[in-house]
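Thanks for coming. Please have the sequence and the structure open while I talk, and stop me if you lose the place.

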Amino acid sequence: MIRKRDFRRLFRGLRFRLAISYAVLFTVLLTGVALAFRARLASALDNQIQEELNADWAAMKGYMRIEQIPDFGNRICSAWYYDENDPDETTIVLDIRKIYMVADQFGNPIPDSVTHEPSVSTAYDDIGVDKPADIRKKVLEAIASTKPRNPFGDRKTSKGEPVKIRSGIVYSEGHGAPRAPYYVAIGASYADNVKTLHAYTWIFAGVIPGALLLGSLLGYYMAGRALTPVLAVTQAAQRISGTNLSMRIPTRDAGDELDYLILTFNRMIERLEASFQQMRQFSADVSHELRTPITAIRGQLEVALFTAETTDQYREAMFNALTDIDRLSQIVRALLLLSQAESGQIVLQKSRLNLCEVVDDLVEQFQIPAEAAGVRLTAQLPPECSAEVDRVQIERMITNLLSNALKFTPEGGAVKMSLQVLPQFVELVVEDNGRGIATEHLPHIFDRFYRVPGQGTAPTPEQGLGLGLSFVAWIVKAHNGKIEVESTPGKGTRFIIRLPNEGVGSDTMELASQPANF
Ligand code: ADP
């Protein structure tokens, strides 16, 4: 059973609407063409009857004369001259005389020389003899007018049969008759033409609904065909879920709009897949990072509980456990901060400050650890560099970069920090001549928990959490800036940060859509 909802869906469906559009278009077009043809046919049929009447008129002028007949009391009569033995002539004349009338210029029908009756045929009488006043007017018009008047008119017989009449002026001549204008009208029935026109109209009236039905069915079929790939795309899209994001909708290589849609859709899924992958990686990394110190703490506590005998052994186990707890809370704090950043909960506290002072203070603070590590730390600063930034975040950013540079630069190396004010932005560079980063690792160093392998996988208090550069990238982005890194293994690394000169940036860091890689 078809439910009401299915019906509604059918009527609202694109296929149905397309089919209806086809049908409407088809009907409008067909009706337009039919009407145009009908008008053309009607005019052709009208021309035909007019030409027939013109020919009859010319023949009538040849066979009929208006003259004074002596045998008929010298009255003015209409007389027909033709060879009665010639069947052609007889047919033509009889045909003309079927519907005809002759009247003088005052509108009075004149007698017929043969019948002695007024020269008005019975058929003409049936369609209605013209009123004398009308005839007078027409004769006067015909004599006076320079431009030819329309000689045709339409009448109807008492049975409703259409008749076309052609009227005009014929002058009396010969046999002593004074030359005077006479009104003559001849007619011909065009019932057949009207029938032809009606037949044509009925044919179309029958054809249009048929065409409409055919058009709708054809439209429905064609719309269905056109929409099949859309349905396929929909079904494919429905099959894609969080667990099978690797699926792609196959393109049809048609290079059309639908292929473009599929391509766009696939790209979207690709991005989603990457995000999902990053999220999965992140959860795995977090649990791994948390598990390591927890296992260590457990180990220390077990040592204390089962094997420690002296106070010193207890103290050592406790000390080690505390160190691991410190690392654990460090990770938790960092993660909390990152998740706050992600969800846009951290609001930048921007103020205009002299960046040179900030950098100078930090470089000063880092002199002690630098000296301890045997690394030469220098700064190259312009006299003044004002920028609209969040002091805490910028300090966090520089601290991370400097501590990384010191951490990965061996004794005897150098770390240089420089600041440059350019027309569009402020450029901050931290470079070292330390161990450098291999090219294949460069794209990942801003990922959370990413540490370049081969530098000790087991985390130690000295080793970072792999979160520092994630923070740096996030802070730069929050200030609407850009970060670049250039590095040559064994030669050193160079971080370049460009912050917009005006420090224009969104105050709220909305980075939730980019979970793992700022
Ligand atoms: P970490 O807290 O481990 O330093 P970061 O996110 O700050 O984490 O850095 C990620 C990784 O990038 C580091 O583990 C290190 O391998 C590499 N790295 C960062 N800065 C430098 C640098 N100046 N020289 C060499 N390697 C670096």
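One definition before we start: two strands count as paired if DSSP finds at least two bridges between them. Keep in mind that this is a predicted model.

Let me apply the definition. Strand 5, residues 162-171, and strand 6, residues 181-189, are antiparallel partners joined by nine bridges. For one of these bridges, look at valine 163, whose partner in strand 6 is serine 189. In general, strands of a sheet pair through backbone hydrogen bonds, and the pairing can be parallel or antiparallel.

Strands 5 and 6 belong to an open sheet of four strands, ordered 3-6-5-4, with antiparallel pairing. Which strands stand at the edges? They are strand 3, at 100-104, and strand 4, at 152-156; each has a single partner strand, so one side of each has no neighbour in the sheet. From one strand to the next, the twist averages 25 degrees.

Helix 2, residues 14-63, packs on this sheet and touches strand 4, strand 5 and strand 6. The direction of helix 2 makes about 35 degrees with that of strand 5.

Helix 2 also packs against helix 3, residues 87-96. As a general point, two packed helices are described by the angle between their axes and the distance between the axes. Here the angle is about 110 degrees and the axes are 10 Å apart. An angle of 65 to 115 degrees counts as roughly perpendicular, and helix 2 and helix 3 are therefore roughly perpendicular to each other. Helix 2 contributes Asp56, Ala59, Met60 and Tyr63 to the contact, and helix 3 contributes Glu89, Ile92, Val93, Asp95 and Ile96. Sorted by class, that contact has six nonpolar residues, three charged and no polar ones.

Next, the hairpin. Strand 1 and strand 2 form it, with five residues between them. Glycine 73, in the turn, has a positive phi of about 65 degrees. The two strands run antiparallel and are joined by six bridges, strand 2 being residues 75-80. Isoleucine 69 stands opposite arginine 75 of strand 2. Is strand 1 largely enclosed or largely open? Five of the six residues of strand 1, which spans 64-69, are buried, so the rest of the structure largely encloses it.

Now the chain as a whole. It is divided into domain 1 at 16-197, domain 2 at 257-340 and domain 3 at 346-513. Between the centres of domain 1 and domain 2, taken over C-alpha atoms, there are 109 Å.

Further along the chain there is an open sheet of five strands, in the order 8-10-11-13-12, with mixed pairing. Its edge strands, strand 8 at 376-380 and strand 12 at 482-488, each pair on one side only. Strand 11, residues 425-432, and strand 13, residues 492-500, run antiparallel and share eight bridges. Among those, phenylalanine 425 has proline 500 as its partner in strand 13. Helix 10, residues 391-407, lies across strand 8, strand 10, strand 11 and strand 13, at about 25 degrees to strand 11.

Last, one residue. Where is methionine 247? It is in the loop between helix 6 and helix 7. Its relative accessibility is 25%, so methionine 247 counts as partly exposed. Leaving aside neighbours within four places in sequence, methionine 247 is in contact with Ala236, Arg239, Ile240 and Ile269. Glutamate 270 is 23 residues from methionine 247 in sequence and 9.2 Å from it in space, C-alpha to C-alpha.

Terms used:
Residues are numbered from 1 along each chain as its sequence is written. This is a predicted model: local features need pLDDT of at least 70, side-chain atom pairs count only at pLDDT 80 or more; totals for chains, interfaces and linings use all residues. Side-chain values use heavy atoms; hydrogens and water are left out. Axes are lines fitted to C-alpha atoms, for helices over the stretch in contact, and angles run from 0 to 180 degrees between N-to-C directions. Contact means heavy atoms within 4.5 Å. Buried means under 20% relative accessible area, exposed over 50%, partly exposed in between (1.4 Å probe, protein chains only). Domain bounds come from an automatic or database domain assignment. Angles under 35 degrees count as roughly parallel, over 145 as roughly antiparallel, 65 to 115 as roughly perpendicular and the rest as oblique. Ala, Val, Leu, Ile, Met, Phe, Trp, Tyr, Cys and Pro count as nonpolar, Asp, Glu, Lys and Arg as charged, and the others, Gly among them, as polar.
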